Amino acid sequence: MTVATSLIPGLDDIVKRGDPRRRGEIARAIAELFFQDPARLRPELIDLFDDLLIDLVPHAELMSRVDLAERFSRLNNAPRHLVNQFARENEIMVAGPVLRRSPVLDDAALVEIARLKGQGHLLAMTERPALSAVITDVLVERGDRDVVRRAAGNAGAVFSPGSYSELIKRAAQDGVLTLKIGQRTDLSGDHLKELLNGTLDVIRRRLSLVVNPVRQVEIKRAMASIEEATLPPGPRRDFSAAQRTVLTLHRDGHLGESALLGFAKAHKYEESIASLSAMAGIRLSILDRLVSGDRYDPILIVGRMLNLGWPTVRSLILLWYGPHRMPADADIESARMNFTRLMPSTAERVVKFWRNRQTI
C-alpha cells in the first residue's frame, strides 16, 4: 500500500477488503477528478493520482479498466506508472489502447513489453504513430505475419538495415508484405532491388499499380539492373539498327514469316531475334537471353506458338548453331520431331510466362 492511499480516509480499507465493485467505483471516481482538467494538473498531483490509481485499478472490473485505459491513452500527462500497468496487462482489451497511442510509454517500456508479451500486444504496437528502430527490431524478430505486415505498412515506423533485410526475406513468401514494403518512402534503391529480385512477376505488376510515379520509375530501373545482372558474360548485342529495320517492316505490313526466314538464312541474328520479339510479344532482352542459352528449345516453343513452318524453325536452329558449327543430321531430325510433337497449347503457356516477365 502506498503513502497516497492513507491520505483519503477509508481508502486503505477499501483497497484491502472492499469488493471489486466498490473498488472499481472508487477508481472511476478518482479518475474522473483527474479527467476534469488534466492539462492544469501539476506534476506532484499527477504523481498522487498515479499512486492512488495503481492500487485501485487492478481490482476494478474488466470493462472499467478498458474504459480507463482508453481515456488515459489519449493524454500526454497521464499517470506514468498507471499507463505502464495497463500496457503490461495480459488482457489485450486493456493493454491495447495504451500500446496503440499513449505518448507516456517510452521506447524502453515498449521494447520490454514486445519481448515478453504475445502477438496481440505486438500487433497493437504496430498502430503507434511512430515506431523507432529499437522497437521494430523486436517486432520483426518476434512478430507473426500480421504483425510484420502492419509494421511494414506503418509510415511512421523506422527500420534498421538488418530489420529491412529480414522483412525482405520474409516478403519472398508473402505478396501482401511485398506490397507494403514496396510502398515505403524510406526504401533504399538497394533494398528495392533486393525486394524485387525475390518477388513473383505477378506481385511486381501489382506493386507497379499501387505505388507513386517516382517509385514506378525506380522499379523499372531496378528490374533493368536485375535483368542485366542475369545476362551471360561477354559483349552485349546492339539491336538498335535491327529494331529500326523490323519497325519499318511492321509499318509497311511486311513483317512476317517470310521476312524472318530471310533474316535467318542470311545469318542476321539481331534482325531475326528482333523479328521474333515483335511477332511473339516477348521483350527483346528476354528473348535474346533465352535464345542465346545452351539449348535451342526456346526457338521450338516460339515457333510452335507462332505456327511457323519447319523450314523457318530449321533456319533459326542453324542460326543458333552459328556459321562455324554444323549440326549432325540426327540432331536436326531430333529437333524436327520435338517441334512436331510440341502441343500449341503448351507453347502458348510457356510464351505467356515469358511475356509476364517483361511486365513490371
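**Exercise 1.** Which residue forms a salt bridge with Asp 186, and how far apart are the closest N and O atoms? Then classify both partners by burial.

*Solution.* The model is a predicted one.
Step 1. The partner of Asp 186 is Arg 184, and the closest N and O atoms are 3.0 Å apart.
Step 2. A salt bridge requires a side-chain nitrogen of Lys or Arg within 4 Å of a carboxyl oxygen of Asp or Glu, so the pair qualifies.
Step 3. Asp 186 has a relative accessible area of 36% and is therefore partly exposed.
Step 4. For Arg 184 the relative accessible area is 6%, so Arg 184 is buried.

**Exercise 2.** Determine how many salt bridges the whole structure holds, and describe the one between Arg 71 and Glu 32.

*Solution.*
Step 1. Searching the whole structure gives 18 salt bridges.
Step 2. In the pair of Arg 71 and Glu 32, the closest N and O atoms are 2.6 Å apart.
Step 3. Arg 71 belongs to helix H4 (residues 62–72) and Glu 32 to helix H2 (residues 20–36), so the salt bridge ties together parts that are 39 residues apart in sequence.
Step 4. Arg 71 counts as partly exposed because its relative accessibility is 30%. Glu 32, at 38% relative accessibility, is also partly exposed.
Step 5. The pair is part of a network of salt bridges that links Glu 32, Asp 67 and Arg 71.

**Exercise 3.** Locate the salt bridge between Glu 333 and Arg 336 and give the accessibility of each residue.

*Solution.*
Step 1. The closest N and O atoms of Glu 333 and Arg 336 are 2.6 Å apart.
Step 2. Both residues lie in helix H22 (residues 329–341), where a spacing of 3 residues is about one turn of the helix.
Step 3. Glu 333 has 34% relative accessibility and is partly exposed. Arg 336 has a relative accessible area of 32% and is partly exposed.

**Exercise 4.** Name the residues of the nonpolar surface patch of about 270 Å², and place Met 93 in its helix.

*Solution.*
Step 1. The patch is made by Leu 62, Met 63 and Met 93.
Step 2. Met 93 sits in helix H6, which covers residues 92–101.
Step 3. Met 93 counts as partly exposed because its relative accessibility is 39%. Patch residues must have over 30% relative accessible area, so Met 93 meets this cut-off.

**Exercise 5.** Is Met 223 buried or exposed? Compare its separation from Lys 193 in sequence and in space.

*Solution.*
Step 1. Met 223 is placed in helix H15 (residues 213–230).
Step 2. Its relative accessibility is 2%, so Met 223 counts as buried.
Step 3. Met 223 and Lys 193 are 30 residues apart in sequence, while their C-alpha atoms are 7.2 Å apart.

**Exercise 6.** List the residues that Ser 315 touches, not counting residues up to four places away in sequence.

*Solution.*
Step 1. Ser 315 is in helix H21 (residues 310–321).
Step 2. With a relative accessible area of 10%, Ser 315 is buried.
Step 3. Under that exclusion, Ser 315 touches Leu 261, Ala 264 and Lys 265.

**Exercise 7.** Identify the buried residues of helix H9 and the helices they pack against.

*Solution.*
Step 1. Helix H9 spans residues 133–142, and its buried residues are Ile 135, Thr 136, Val 138, Leu 139 and Val 140.
Step 2. The buried residues of H9 pack against helix H7 (107–116), helix H8 (119–125), helix H10 (145–152) and helix H11 (161–171).

Terms used: Residues are numbered from 1 along each chain as its sequence is written. This is a predicted model: local features need pLDDT of at least 70, side-chain atom pairs count only at pLDDT 80 or more; totals for chains, interfaces and linings use all residues. Side-chain values use heavy atoms; hydrogens and water are left out. Patches are made of residues with over 30% relative accessible area and no salt bridge: like charges are joined within 9 Å, nonpolar side chains (Val, Leu, Ile, Met, Phe, Trp, Tyr) within 5 Å. Accessible areas come from the Shrake-Rupley method with a 1.4 Å probe; for residues, only the protein chains shown count as cover. Helices (H or I, at least four residues) and strands (E, at least two) are DSSP runs, numbered from the N terminus. Buried means under 20% relative accessible area, exposed over 50%, partly exposed in between (1.4 Å probe, protein chains only). Contact means heavy atoms within 4.5 Å.
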